[in-house]
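The exercises below are meant to be worked through with the sequence and the coordinates side by side. Each task is followed by a solution that goes step by step.

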Amino acid sequence: MNNLSYELVESYKKEPDKIVIIEKSEQMTYKKLYKKVASFKEYLLKKGIKKGQKVLVLVQMSKELYIVLLSLWSIGAIPCFMDAGFIKSGMKNNEYDNIQAIIGTKKYILYSKINNNLKKLKTKIDVSIINKLEIKDTLEIQEVEKHFPAILTYTSDTTGTPKIASRSHTFLKCQEKILINTLNYEEEDIEISSIPIFTLSNISAGIATLIAEANFSNLGKTKPRKIINQIIKYKVNRIMAAPGLLQNIVNYGLKNNIQLEDVKKIFTGGGAVFVDLINNIKKVFPKAKIVTLYGSTEAEPISECDVTNISKSDLDKIMNGYGILAGNIVGVKSCKLIKNDKKEIGRITKEEFEKMQVQNNGEIVVTGENVLKGYVDGIGDKENKFYVETETFHRTGDLGNIDEKGRLWLKGRIKEPYFNIEATLHAKFQNIGKTAVLKNNNKITIILEKSCKIPEEKIKKEIDFEKIEDIRYVKKIPVDKRHNTKVDYNELRKVLKI
């Protein structure tokens, strides 16, 4: 059975009373989730949603999000996700022509009436209807073909050229299997999470997910006290969160002398994880094992690293500009580094591929079952894919090193490859705050926030592996709203007027 929603049916039969989603005061068992999905599926059918139709989902992380996903999958419909930049960009390349409906929160349904791209869609469903429907007891699943799309993710990309990642039911099942092996679940785990894709693995594995009481439209505005209260109330023993959200939580914990000893495992990814953050996490969560995950929409996961106790030799490497330790390769069949020449590669032989490979300062490329083979209509394939005879490789756009133990180290995006400088700063200065590094007029420039009190000369002296020619200050370094972690370099350049 290829359809992902069969997993819900099987889990409901085996463990109907197992709690899988907790949100605020509501605890949802497989039985309740099954019946909610059955009810919403019937409602969607009455609204005319059919197999193969694309439905734009504008619902933040919540129990309703997973009811929507499972309901659409059970019909054989295809949930579509777009980043905010894509929706607001007003692109006129007919990206919306094949979308039949919107399912969204009240805010987005109202917004869809004024947005030029969204207002032409006739079927618009307010997700709050889920809680008003008559309960159904039977959920029938539509069979789908092996490579039938489960999720379409639309992105405007940094170039402004839209591309669409299509992940099939089979692909996501493979990804789930790898994540379940990687994430080391135990039966009684309760995980608080702010990263939606990992909750799908939790539901499949039968692990309870407590949805973080976060501001998912802007994680930077989340009140950490609320999340800490959730952790204490529900005796959470696992955390899955982006580095930016973890930083907010530990800052609050340190300020208020809070220690949370019940938390035994912390997983984080979606952005750079520096040594000072790791040190602070250990102070607030003294009994937790801390694991970083590296991956992307096209390949998740690529590597994992237990950073709880970084060895002296690894810390020396970090302090001397080697990068961020991303750790052991997991999930992907092969991870290599190739010469960073930014040229399209096309189809090559194994011998040609071997000649392109390097150990240091190379672009990270991966292949495997959990690596996306291409984009919809091939848009983006030339720039992001290449073929070694019959095998498809994905170009991550990240620069890295591979050490003598076969572990991956990150140096940043090819366009801004300075994670190694930032990693050194954060390893040598515990309270340096948010940082960024970029090139301006061929000069390597460190960007700090005005709250940083460390003398400039001291900073320049510690970075002896690169020539730092300028240090500039801004009130606040702009970051992505999704993870509150990655530096928004385009916005930063506007702030700096460069």
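**Exercise 1. Cysteines**

How many disulfides does the structure hold? Work also on cysteine 80 and cysteine 174, and decide for each whether the residue is buried or exposed.

*Solution.* Note at the outset that this is a predicted model. The structure holds zero disulfides. For cysteine 174, the nearest cysteine sulfur belongs to cysteine 335 and is 16 Å away, whereas a disulfide requires two cysteine sulfur atoms within 2.5 Å; cysteine 174 is accordingly in no disulfide. Turning to accessibility, the cut-off for buried is a relative accessible area under 20%. Cysteine 174, at 15% relative accessibility, counts as buried, and cysteine 80, with a relative accessible area of 0%, is buried as well.

**Exercise 2. Helix H2 and its two partners**

Determine how helix H2 packs with helix H3 and how H2 crosses helix H1, giving for each pair the angle, the axis distance, the handedness and the residues in contact.

*Solution.* Begin with H2 (residues 30–46) and H3 (residues 63–75), which pack at an angle of about 60 degrees with their axes 8 Å apart. Because roughly parallel requires under 35 degrees and roughly perpendicular begins at 65, this angle makes H2 oblique to H3. The crossing of H2 and H3 is right-handed. On the H2 side the contact is made by Leu33, Lys36, Val37, Phe40, Lys41, Leu44 and Leu45, and on the H3 side by Ile67, Val68, Leu70, Ser71, Leu72, Ser74 and Ile75. Sorted by class, the contact of H2 with H3 comprises 10 nonpolar, two polar and two charged residues.

Next take H1 (residues 6–14), whose axis comes within 9 Å of that of H2, the two crossing at roughly 140 degrees. Since roughly antiparallel applies over 145 degrees, H1 and H2 are oblique to each other. The crossing of H1 and H2 is left-handed. H1 contributes Leu8, Val9, Ser11 and Tyr12 to the contact, while H2 contributes Tyr30, Lys31, Leu33, Tyr34 and Val37. The classes here are seven nonpolar, one polar and one charged.

**Exercise 3. The enclosure of helix H10**

Establish why helix H10 can be called largely enclosed, and name elements that cover its buried residues.

*Solution.* First count the buried positions: seven of the 10 residues of H10 (residues 275–284) are buried, so the helix is largely enclosed by the rest of the structure. Then identify these residues, which are Val275, Asp276, Leu277, Ile278, Asn280, Ile281 and Val284. Finally, look for what covers them: the cover includes helices H9 (243–255), H11 (312–319) and H14 (419–428), together with strands E12 (265–269) and E13 (289–296).

**Exercise 4. Two single residues**

Locate lysine 51 and isoleucine 232, and relate each to a residue remote from it in sequence.

*Solution.* Lysine 51 is in the loop between H2 and strand E3 (54–58), and at 33% relative accessibility this lysine counts as partly exposed. Tryptophan 73 is 22 residues from lysine 51 in sequence, yet the C-alpha to C-alpha separation is 8.7 Å. Beyond its neighbours within four places in sequence, lysine 51 is in contact with Ile75, Gly76, Ala77, Gln142, Glu143, Val144, Glu145 and Phe148.

Isoleucine 232 lies in helix H8 (residues 224–233) and is partly exposed, with a relative accessible area of 45%. Its separation from leucine 260 is 28 residues in sequence and 7.7 Å in space, C-alpha to C-alpha.

Conventions: Residues are numbered from 1 along each chain as its sequence is written. This is a predicted model: local features need pLDDT of at least 70, side-chain atom pairs count only at pLDDT 80 or more; totals for chains, interfaces and linings use all residues. Side-chain values use heavy atoms; hydrogens and water are left out. Helices (H or I, at least four residues) and strands (E, at least two) are DSSP runs, numbered from the N terminus. Buried means under 20% relative accessible area, exposed over 50%, partly exposed in between (1.4 Å probe, protein chains only). Axes are lines fitted to C-alpha atoms, for helices over the stretch in contact, and angles run from 0 to 180 degrees between N-to-C directions. Angles under 35 degrees count as roughly parallel, over 145 as roughly antiparallel, 65 to 115 as roughly perpendicular and the rest as oblique. A crossing is left-handed if the near helix is turned anticlockwise from the far one by less than a right angle, and right-handed if clockwise. Contact means heavy atoms within 4.5 Å. Ala, Val, Leu, Ile, Met, Phe, Trp, Tyr, Cys and Pro count as nonpolar, Asp, Glu, Lys and Arg as charged, and the others, Gly among them, as polar.
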